[in-house]
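Here is a friendly tour of the charged pairs and the nonpolar surface in one protein model. Have the structure open as you read along.

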Amino acid sequence: MFLCDIASAIAKQPYRSDNSLEKLTTHAPGRQVSLTDKAELAEYAWVLMLQQIPKVTEEVARAIAAKFPSWFCLMSHYFDTTIPACQRESALQDLQRPTGSSENRRLGPAISKRIYAHFTSTDPDHVE
């Protein structure tokens, strides 16, 4: 849906009377994302990418994006040979995600291992 909104906004752009890129926006679920703010668009795309992993909700994805603002940052951490493999695998488990109550919850070891396996697996048929 996000890509359809972007394609539609780009297709309509030449027919706008003012031709300014500030009008080129798309509506994400619950918020408006401007296509001129590249940092905001990159963060939104990264959060959406993380949400494609099974059992990764928007809250979990945003918690990860707060610690690792891009795919490159996360991959740099996962492939840093100076960090022991067990620490790389559990890097996300202590991140906090908001809940409906006043307390935040840890992501936990299961989701941390799932995301690590997703991004570092060499088996193309591996789906968790």
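The report below takes up the salt bridges and then a nonpolar patch.

Please keep in mind that this is a predicted model. Side chains of opposite charge can pair when their charged atoms come close. The structure holds three salt bridges, and the table lists each pair with its N to O distance.

| Acidic residue | Basic residue | Closest N to O distance |
|---|---|---|
| E43 | R62 | 3.6 Å |
| E58 | R62 | 3.0 Å |
| D94 | R106 | 2.9 Å |

**The network around R62**

Let us begin with R62, whose side chain meets that of E43 in a salt bridge. This pair links distant parts of the chain: R62 belongs to helix α3 (residues 58–67), while E43 sits in helix α2 (residues 38–51), and 19 residues separate them. R62 also forms a salt bridge with E58. Here both partners lie in helix α3, four residues apart, which is about one turn of the helix. Taken together, E43, E58 and R62 are linked in a network of salt bridges.

How buried or exposed is R62? With a relative accessible area of 25%, R62 is partly exposed, because the partly exposed class lies between under 20% for buried and over 50% for exposed. Its two partners fall in that class as well: E43 has a relative accessible area of 36% and is partly exposed, and E58, at 35% relative accessibility, also counts as partly exposed.

**The D94 and R106 pair**

The closest N and O atoms of D94 and R106 are 2.9 Å apart, and the two residues form a salt bridge. D94 lies in the loop between α5 (85–89) and β3 (96–97), and R106 lies in strand β4 (residues 105–106), so this pair ties together parts that are 12 residues apart in sequence. R106 is partly exposed, its relative accessible area being 41%.

**A nonpolar patch on the surface**

Which residues make the nonpolar surface patch? M49, W71 and F72 make this patch, which covers about 350 Å². F72 can be found in helix α4 (residues 71–78). F72 counts as exposed because its relative accessibility is 59%, and the exposed class takes in values over 50%.

Notes
Residues are numbered from 1 along each chain as its sequence is written. This is a predicted model: local features need pLDDT of at least 70, side-chain atom pairs count only at pLDDT 80 or more; totals for chains, interfaces and linings use all residues. Side-chain values use heavy atoms; hydrogens and water are left out. A salt bridge is a side-chain nitrogen of Lys or Arg within 4 Å of a carboxyl oxygen of Asp or Glu. Helices (H or I, at least four residues) and strands (E, at least two) are DSSP runs, numbered from the N terminus. Buried means under 20% relative accessible area, exposed over 50%, partly exposed in between (1.4 Å probe, protein chains only). Patches are made of residues with over 30% relative accessible area and no salt bridge: like charges are joined within 9 Å, nonpolar side chains (Val, Leu, Ile, Met, Phe, Trp, Tyr) within 5 Å. Accessible areas come from the Shrake-Rupley method with a 1.4 Å probe; for residues, only the protein chains shown count as cover.
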